[in-house]
Amino acid sequence: MSKPLVQSTGRRKEAVARVRLRPTEGESATITINDRDWVDFFPNPTHRMILQEPLKLTQLEESYDVDVTIHGGGVTGQAGAVRLGIARALIEIDPELRPTLKRAGFLTRDDRKKESKKYGLKKARKAPQYSKR
């Protein structure tokens with residue numbers, strides 16, 4: 001495995017993704033997530049589409065091998081974290097891609113997280129059933 005060209009981090013909800021891009025060495029680019037093929041890691045086509053969006057928008061899907069280490073969160077959060085990591089890595093390689101990726105919204109960190117549970121409540125806002133008598 002060759003040395004990465006660029007390394008970046010993406011986060012969404014509780015998921016954290018470390019993304020490494022290196023120039024493609026073979027005939028086609030590969031995406032590896034936690035040492036597994038990305039199609040096996042994300043069987044849902046929607047999640048696969050989400051993480052490929054920055055590469056397709058910049059037409060670089062065949063130019064770089066993507067190696068991702070991801071932990072925490074669920075599949076949707078993980079896909080969003082990978083997308084942000086890939087977009088940030090592409091900007092480090094070529095800063096002229098920034099306006100394109102920014103306009104598409106791929107550089108914005110989605111900071112929505114699960115609201116924490118409050119004392120005396122069943123969940124973050126759900127209160128126990130009220131009884132008048």
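The following exercises, each with a worked solution, concern a predicted model of a protein chain.

**Exercise 1. The contact of two helices**

Determine how α2 and α3 are oriented towards each other, and state which residues form their contact.

Solution.
Step 1. The axes of α2 and α3 are 8 Å apart and enclose an angle of about 10°.
Step 2. Angles under 35 degrees count as roughly parallel, and α2 is therefore roughly parallel to α3.
Step 3. On the side of α2, the contact is made by His47, Ile50, Leu51, Glu53, Pro54 and Leu55. On the side of α3, these residues meet Val75, Thr76, Ala79, Gly80, Val82, Arg83, Ile86, Ala87 and Leu90.
Step 4. Sorted by character, the residues of this contact comprise ten nonpolar, three polar and two charged ones.

**Exercise 2. A salt bridge between the helices**

Identify the partner of arginine 83 in a salt bridge, and describe where the two residues lie.

Solution.
Step 1. The side chain of arginine 83 meets that of glutamate 53, with a distance of 2.6 Å from N to O. A salt bridge requires a distance within 4 Å, so the pair qualifies as a salt bridge.
Step 2. Arginine 83 belongs to helix α3 (residues 75–93), and glutamate 53 belongs to helix α2 (residues 45–57). The two residues are 30 residues apart, and the pair thus links distant parts of the chain.
Step 3. Arginine 83 has a relative accessible area of 24%, and glutamate 53 has one of 22%. Partly exposed residues lie between the limits of 20% and 50%, so arginine 83 is partly exposed and glutamate 53 is partly exposed.

**Exercise 3. Further salt bridges**

State how many salt bridges the structure holds, and examine those of arginine 112 and glutamate 115.

Solution.
Step 1. The total for the structure is six salt bridges.
Step 2. Arginine 112 is bridged to aspartate 110, with 2.8 Å between the closest N and O atoms. Arginine 112 is exposed at 55% relative accessibility, whereas aspartate 110, at 21%, is partly exposed.
Step 3. Glutamate 115 is bridged to arginine 125, and here the closest N and O atoms are 3.0 Å apart. Both residues are in the segment after α4 (98–104), and they are ten residues apart.
Step 4. Glutamate 115 is partly exposed, at 37%, while arginine 125 is exposed, at 67%.
Step 5. Through shared partners, salt bridges join Arg12, Asp110 and Arg112 into one network.

**Exercise 4. The aromatic pair**

Find the aromatic pair of the structure and classify its geometry.

Solution.
Step 1. A pair of aromatic rings is described by the distance of the centres and the angle of the planes.
Step 2. The whole structure contains one aromatic pair. The ring centres of phenylalanine 41 and phenylalanine 42 are 5.1 Å apart, and the ring planes stand at 80°.
Step 3. Planes over 60 degrees apart count as edge-to-face, so the pair is edge-to-face.
Step 4. Buried means under 20% relative accessible area. Phenylalanine 41 is buried at 13%, and phenylalanine 42 is buried at 1%.

**Exercise 5. The surroundings of histidine 47**

Decide whether histidine 47 is buried or exposed, and list residues that it touches.

Solution.
Step 1. Histidine 47 is located in helix α2.
Step 2. The relative accessible area of histidine 47 is 10%, and this residue is therefore buried.
Step 3. When residues up to four places away in sequence are not counted, histidine 47 touches Phe42, Val75, Thr76 and Ala79. Of these, Phe42 is a member of the aromatic pair in Exercise 4.

**Exercise 6. Positive phi values**

Describe the phi values and the positions of aspartate 35 and glutamine 59.

Solution.
Step 1. Most residues other than glycine have a negative phi.
Step 2. Aspartate 35 has a positive phi, near 60°. This residue lies in the loop between β3 (31–33) and β4 (36–37).
Step 3. Glutamine 59 likewise has a positive phi, of about 55°. Glutamine 59 is placed in the loop between α2 and β5 (64–71).
Step 4. Exposed means over 50% relative accessible area. Aspartate 35, at 72%, is exposed, and glutamine 59, at 66%, is exposed.

Key. Residues are numbered from 1 along each chain as its sequence is written. This is a predicted model: local features need pLDDT of at least 70, side-chain atom pairs count only at pLDDT 80 or more; totals for chains, interfaces and linings use all residues. Side-chain values use heavy atoms; hydrogens and water are left out. Helices (H or I, at least four residues) and strands (E, at least two) are DSSP runs, numbered from the N terminus. Buried means under 20% relative accessible area, exposed over 50%, partly exposed in between (1.4 Å probe, protein chains only). Axes are lines fitted to C-alpha atoms, for helices over the stretch in contact, and angles run from 0 to 180 degrees between N-to-C directions. Angles under 35 degrees count as roughly parallel, over 145 as roughly antiparallel, 65 to 115 as roughly perpendicular and the rest as oblique. Contact means heavy atoms within 4.5 Å. Ala, Val, Leu, Ile, Met, Phe, Trp, Tyr, Cys and Pro count as nonpolar, Asp, Glu, Lys and Arg as charged, and the others, Gly among them, as polar. Rings of Phe, Tyr and Trp (its six-membered ring) pair if their centres lie within 6.5 Å; planes under 30 degrees apart count as stacked, over 60 as edge-to-face and the rest as tilted.
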